[in-house]
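Trainee: Got a minute to walk me through this one? I'd like to talk about charge pairs and helix packing.

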Amino acid sequence: MASFYHPHQDFRRLLQKLLVMFSIGIVCVSLFYFLAGCCESEVVEEAVMRHSSQLSLTGWQHEKNGTLYKNFITVPNLGAGSPSVGESSAPGWETNGLGKDWTAVRRLPQALIIGVKKGGTRALLEFLRLHPDIRALGSEPHFFDRHYARGLNWYRSLMPKALDGQIVMEKTPRYFVTAETPARIHAMSKEIKLIVVVRDPITRAISDYTQIISKTPNIPSFENLTFKNRTTGQIDSLWSPIWIGMYAQHLERWLTYFPLSQIHFVHGERLITDPAGELGRVQDFLGLQRIITDKHFYFNKTKGFPCLKKPEGSSKPHCLGKTKGRMHPKINPEVIRRLRDFYQPHNLKFYQMAGQDFGWH
């Protein structure tokens, strides 16, 4: 039988094939854009999440100070036209990609508590560590008087890590009376700030002796050690508890290297009776906001000096250790009178050099 050619059927089949191919193409293109869009959204979401985790930080715990330093940072507009991220008000950030990264490093100190022994240096250091802008070494490194040969890199390695803008400091009371230390400290930093806690040299000497007999109880009495000759009444000015209290003699060396404006004297007696006032003046000297105030202290009648009120989350307040606030031995009033006469010219000279009268009469 003869077959007939139908051009309309061929055209219809061709049209169907083209329609199927077109539909498949549309599906493929749609699938490609769908998958590409998902990947892109995941990348963007991850970047934004990472960026937000860096910029929404509201506080951090200091490594050793134990104080919470809070900073509130604004997350910038990430929409079109934003050229860069917003700037943080907190120090210590370094630009890195979308955000910034906290960077704490070990630095040489910018301030030192250099003396005096038994003047109240430990109390001052503990009080100052309440300030979020102070990073203080807890122990006494004795670098400039005993370990100077180890070098500044060794000294730096002892310091706590600090953010940019925080003040690093340490305390070693022996620095004030060691002849070599002013020149050595000046060689490290000409701009360093120096803090000296001073108290009545007689009370300081008795406190010093009290610490000595706690470790070596079989030594002679305070009265016997005070005099070269008890009969003539000549004071032994080379005996360490007496010699340290000759403040003017020691201060002369420091003023050879540092102007008086870089030395702050803390009144040891007022550190006990008005700790907030003394701490306020120290914060001013260091160029810091007055954050440590009278709300941080209470007077412990048993110990006879102020303690820190309990911080949040602590069950009891913080007082200095058992070695602080020891009972002093009773000293013969005649010995006290002779010491008062001995120290009077030294004290007057010190008042003149320091520019203030500490009232040790």
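Mentor: Sure, one term before we start: buried means under 20% relative accessible area, exposed over 50%, and partly exposed in between, with a 1.4 Å probe and protein chains only. This is a predicted model, so local features need pLDDT of at least 70 and side-chain atom pairs count only at pLDDT 80 or more, while totals for chains, interfaces and linings use all residues. Residues are numbered from 1 along each chain as its sequence is written, and side-chain values use heavy atoms, with hydrogens and water left out.

Trainee: OK, is D200 buried or exposed?

Mentor: D200 counts as buried, because its relative accessibility is 9%.

Trainee: And which residue forms a salt bridge with D200?

Mentor: R340, with the closest N and O atoms 3.0 Å apart. By salt bridge I mean a side-chain nitrogen of Lys or Arg within 4 Å of a carboxyl oxygen of Asp or Glu.

Trainee: Where do the two sit in the chain?

Mentor: In distant parts, 140 residues apart: R340 is in helix α11 (residues 333-354), and D200 is in the loop between β10 (193-198) and α5 (201-215). Those labels are DSSP runs numbered from the N terminus, helices being H or I with at least four residues and strands E with at least two. R340 is partly exposed, because its relative accessible area is 25%.

Trainee: How many salt bridges are there by that rule?

Mentor: The count is 13. Among them, D208 pairs with R204 at 3.1 Å between the closest N and O atoms; both lie in helix α5, four residues apart, about one turn, and both are buried. There's also a network that links E334, R337, R338 and D341.

Trainee: Switching topic: how do α2 and α10 cross?

Mentor: At roughly 70°, with the axes coming within 11 Å; α10 covers residues 275-285. Axes here are lines fitted to C-alpha atoms, for helices over the stretch in contact, and angles run from 0 to 180 degrees between N-to-C directions.

Trainee: So what do you call that arrangement?

Mentor: Roughly perpendicular. Angles of 65 to 115 degrees get that label, under 35 is roughly parallel, over 145 roughly antiparallel, and the rest oblique.

Trainee: Which residues make the contact?

Mentor: L124, F127 and L128 of α2, against P275, L279 and V282 of α10. Contact means heavy atoms within 4.5 Å.
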